[in-house]
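Morning, everyone. I have one structure to go through today, so please have the sequence and the viewer open.

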Amino acid sequence: MTRHIHKVAVLGSGVMGSRIACHFANIGCEVLLLDIVPRELNAKEKAAGLSLESPKVRNRLVNEALTFALKSNPSPIYHKSFASRISTGNFEDDMSRIADYDWVIEVVVENLKIKKQVYEEVEKSRKPGTFISSNTSGIPIHLLTEGRSDDFKDYFCGTHFFNPPRYLRLLEIIPTPHTKADVVDFLMEYGEKFLGKTTVLAKDTPAFVANRVGVFGIMALLHLVEKMDLSIEEVDKLTGPVLGRPKSATFRTADVVGLDTLIKVANGVKENCPDDEANSLFVLPDYLKKMEENQWLGDKTRQGFYKKIKNDAGKSEILALNLKTLEYHPQQKAKFATLEMTRPIENLKDRIPMLVNGQDKAGEFYRETFSALFQYVSNRIPEIADELYKIDDALKAGFGWEMGPFEYWDCIGVEKALKMMDKAGYKAASWLDDFLAAGNTTFYKVENGKRLFYDIPSKSYQVIPGTEDFISLDNLREGHTLWKNSGVSIIDLGDGILNVEFHTKMNTIGGEVLAGINKALDMAEKDYRGLVISNEGANFSAGANVGMIFMMAAEQEYDELNMAVKAFQKTTMRIRYSSIPVVAAPHNLTLGGGCEICLHADQVVAHAETYIGLVEFGVGVIPGGGGTKEFAVRISDSFREGDIELNTFREKFLNIGQAKVATSAHEAFDLGILKKGRDTVVVSRARQLAEAKTACLGLADAGYTQPAPRKDIKVLGNQALGLVYVGANSMLAGHYMSEHDLKISHKLGYVLAGGDLSEPTQVDEQYLLDLERKAFVELCAERKTLERLQSIVKGGKVLRN
């Protein structure tokens with residue numbers, strides 16, 4: 001099916017509807033957001049003399065909902081200007097407008113009768129062949145099309161987004177028996193390629209895929225806490241980051257989602273899945289029933305499993321609920337020997353087997369929970385999905401797990417896990433017998449750079465559909481790694497392009513990473529066509545290794561510190577002036593030194609969710625890896641474009657001085673970090689590396705020429721310094737900054753202005769790098785800087801605005 005989606009109508013502007021509208025606006029679609037007409041005036045409308053027929057009144061609900069969504073944090077929109085792509089209206093006056101739209105998405109209240117009434121109106125205006133879908137999470141999809149036309153049925157299916165739609169990557173596609181196959185295929189590809197989603201083809205069963213398994217896991221834990229006498233703090237400690245899951249773990253996640261939502265899904269599965277072997281686990285524990293009666297539903301009612309209060313000292317404090325007494329108490333730190341033992345293990349795949357082998361209460365907990373999970377997911381095939389990878393994809397994209405159930409199973413070892421399950425009283429589905437009889441040992445394997453999954457019907461391994469165009473470092477690492485050290489791997493992407501991948505903690509940049517980048521440049525310049533800098537960690541890079549900087553500064557090893565900063569500068573300058581093209585592909589946190597690497601690349605292919613900025617001011621220093629220099633270069637370049645000099649200088653100075661971090665790649669253009677016309681943004685994280693490789697090949701094919709070092713950088717000298725000194729001193733006088741912040745401001749301004757020059761002057765990059773490095777080292781000698789560095793090192797903090 002060849003289709004282009006330009007215009008999308010969203011029916012229903014509640015929490016989900018307004019945010020789905022925002023995400024379609026994020027990718028450039030024209031969006032129409034509609035909702036019901038109010039039935040009575042509010043006090044403000046009465047005072048203004050408005051009537052129920054006033055357009056302002058008739059669109060009040062939809063406009064208030066959209067305004068609320070756009071003001072929410074985190075924002076549902078990549079850039080505030082994108083909100084202009086959304087127009088609003090109401091069902092009575094504007095439903096006819098959907099005739100011009102390519103896709104109509106219904107997101108009204110979860111009530112079958114109301115949804116059918118909306119579809120009745122949709123049929124009057126909808127153009128035949130237009131996609132129509134529902135975001136329902138609880139109503140069987142096939143019931144929604146009863147009484148509808150054949151064309152409506154042909155183009156209708158469930159499209160279940162997860163909240164918040166911008167950030168949670170899961171989109172479940174649920175066809176009915178009438179949905180045309182090419183409609184399903186189109187939406188599966190469109191969701192992944194254009195919306196950046198992990199699209200999962202689900203069957204029309206209660207709770208679909210992610211919620212069916214995810215809520216099972218939560219409900220099993222809600223019963224297990226009683227059986228094992230665990231506190232909620234203990235469970236959240238055991239089920240959070242140590243398992244590769246969000247910090248909110250189990251009970252905090254329930255509070256965020258809302259206990260009413262959890263209860264609704266659990267009751268739905270209990271009532272509609274009588275043959276589910278775990279049906280009894282979906283019965284609400286007594287304490288959960290009492291919480292529902294008390295309206296302790298989580299964040300929406302300001303208390304659930306946790307409760308935030310002001311203590312006697314007037315400070316905020318979070319209390320935890322005792323599930324036996326239903327009384328709140330100060331949180332207790334949970335400690336387990338198994339967790340202490342696995343603390344140094346960074347790699348999740350290495351950590352999981354150690355967790356299930358624990359000989360304490362934690363080990364017992366993991367053996368019980370994994371055994372129950374493995375039995376449950378093995379029995380859900382083919383009930384909720386035909387292939388096991390779909391269950392893994394759904395849990396990873398919808399619940400934020402780093403691994404899906406079958407991936408956890410592979411980590412433990414399939415046969416070993418089966419023995420563990422047998423001992424705990426659980427039994428896997430019968431298809432495992434054929435799996436083992438064939439001599440198979442894992443559900444997934446990698447061949448020729450592609451990831452394969454065990455396909456149960458064919459009893460063979462198949463490439464995961466839809467991933468043929470992806471490039472995954474995980475799949476290439478074995479067999480394509482050409483060189484590595486403790487911080488970097490250099491991987492051959494094929495077609496003459498290398499990739500340099502960081503794998504330090506938080507992908508921080510120290511000597512080993514700089515050595516790896518230089519080695520990759522050496523190799524690429526000699527035998528290859530280009531270099532991509534990307535990785536598959538949670539973050540691109542949290543910046544320079546602050547611990548290393550602190551140690552040298554604390555020991556007053558300023559010569560060594562100067563050499564370390566110089567090595568960083570030389571590396572970023574080598575990225576800039578290499579004889580081959582260098583493309584950076586950042587994602588998530590890209591701070592400090594990570595940002596400086598991107599600033600010096602020939603092109604940046606950024607994931608939309610890239611949070612990038614120069615945050616060194618917060619540490620007590622200025623960017624020292626070429627970042628301050630590069631901003632001076634970009635200030636100079638803007639002068640040529642006719643910008644007002646001091647205004648541009650002030651703007652760029654504040655971007656660094658206020659440690660601004662873009663909350664999306666699109667915002668990074670505003671901060672002057674990404675360049676319009678050169679850098680690109682991709683919504684699909686799975687496609688980012690392939691896009692970066694293509695960009696690198698494009699530069700090489702276009703006849704890439706090594707750039708000449710810049711000697712034409714215009715700096716303003718004392719003219720700009722005066723602006724800095726007056727502004728910073730005013731901030732100090734108004735108690736908006738400290739004495740130390742004043743010193744940092746002066747140093748930053750000095751470098752950006754090119755020093756104490758009597759008139760605007762043209763300088764070269766090395767001149768600015770020397771000023772930058774000198775200022776950085778001098779600031780590291782300041783006591784306040786050392787205190788900030790020490791605080792960050794001790795707390796394991798990541799600097800972010």
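I will go through the sheets, then the cores, then one helix and one aspartate.

Keep in mind that this is a predicted model.

Let's start with the eight-stranded sheet. It is open, its pairing is mixed, and its strands come in the order β3-β2-β1-β4-β5-β6-β7-β8. At the edges are β3, residues 86–90, and β8, residues 198–201, each of which pairs on one side only. From one strand to the next, the twist averages 25 degrees.

If you are new to sheets: strands pair through backbone hydrogen bonds, either parallel or antiparallel. Here is one pair to look at. Strand β6, residues 156–161, and strand β7, residues 170–175, run antiparallel and are joined by five bridges. One partnership to find on screen is Phe161 with Leu171 in β7.

Which helices pack on this sheet? Helix α4, residues 60–71, does, touching β2 and β3, and its direction makes about 150 degrees with that of β3. Helix α9, residues 181–193, packs on the sheet as well; it touches β4, β5, β6, β7 and β8, at about 155 degrees to the direction of β8.

Next, the other sheet. This one is open, with three strands in the order β12-β13-β14 and antiparallel pairing. Its edge strands are β12, at 444–447, and β14, at 460–463. The twist here averages 40 degrees from one strand to the next. Four bridges join β13, residues 450–455, to β14, and Asp455 has Ser460 in β14 as its bridge partner.

Now the cores. The largest nonpolar core has 121 residues, and Phe305, Tyr366, Phe370 and Trp409 have the most contacts inside it. Helix α10, residues 210–228, gives the largest share of this core, 12 residues. Apart from it lies another core, of 78 residues, including Leu514 and Ile580.

On to helix α19, residues 405–412. How many of its residues are buried? Eight of eight. Among them are Trp409, Glu407 and Asp410. Just after α19 comes Gly413, with a positive phi of about 105 degrees.

Last, Asp255, which sits in helix α12, residues 251–257. Asp255 is buried yet has no salt bridge. Why not? The nearest side chain of opposite charge, Arg252, is 4.4 Å away, and a salt bridge has to be within 4 Å. Further along the sequence, Asp255 touches residues including Leu297, Asp299 and Phe305. Phe305 came up earlier, among the residues with the most contacts inside the largest core.

That is everything I have.

How values were computed: Residues are numbered from 1 along each chain as its sequence is written. This is a predicted model: local features need pLDDT of at least 70, side-chain atom pairs count only at pLDDT 80 or more; totals for chains, interfaces and linings use all residues. Side-chain values use heavy atoms; hydrogens and water are left out. A nonpolar core is a set of buried Ala, Val, Leu, Ile, Met, Phe, Trp, Tyr and Cys residues joined through side-chain atoms within 4.5 Å. Buried means under 20% relative accessible area, exposed over 50%, partly exposed in between (1.4 Å probe, protein chains only). Helices (H or I, at least four residues) and strands (E, at least two) are DSSP runs, numbered from the N terminus. Two strands pair if DSSP finds at least two bridges between them. Axes are lines fitted to C-alpha atoms, for helices over the stretch in contact, and angles run from 0 to 180 degrees between N-to-C directions. Lys and Arg count as positive and Asp and Glu as negative; His and the chain ends are not counted. Contact means heavy atoms within 4.5 Å. Lists of a residue's contacts leave out its neighbours within four places in sequence.
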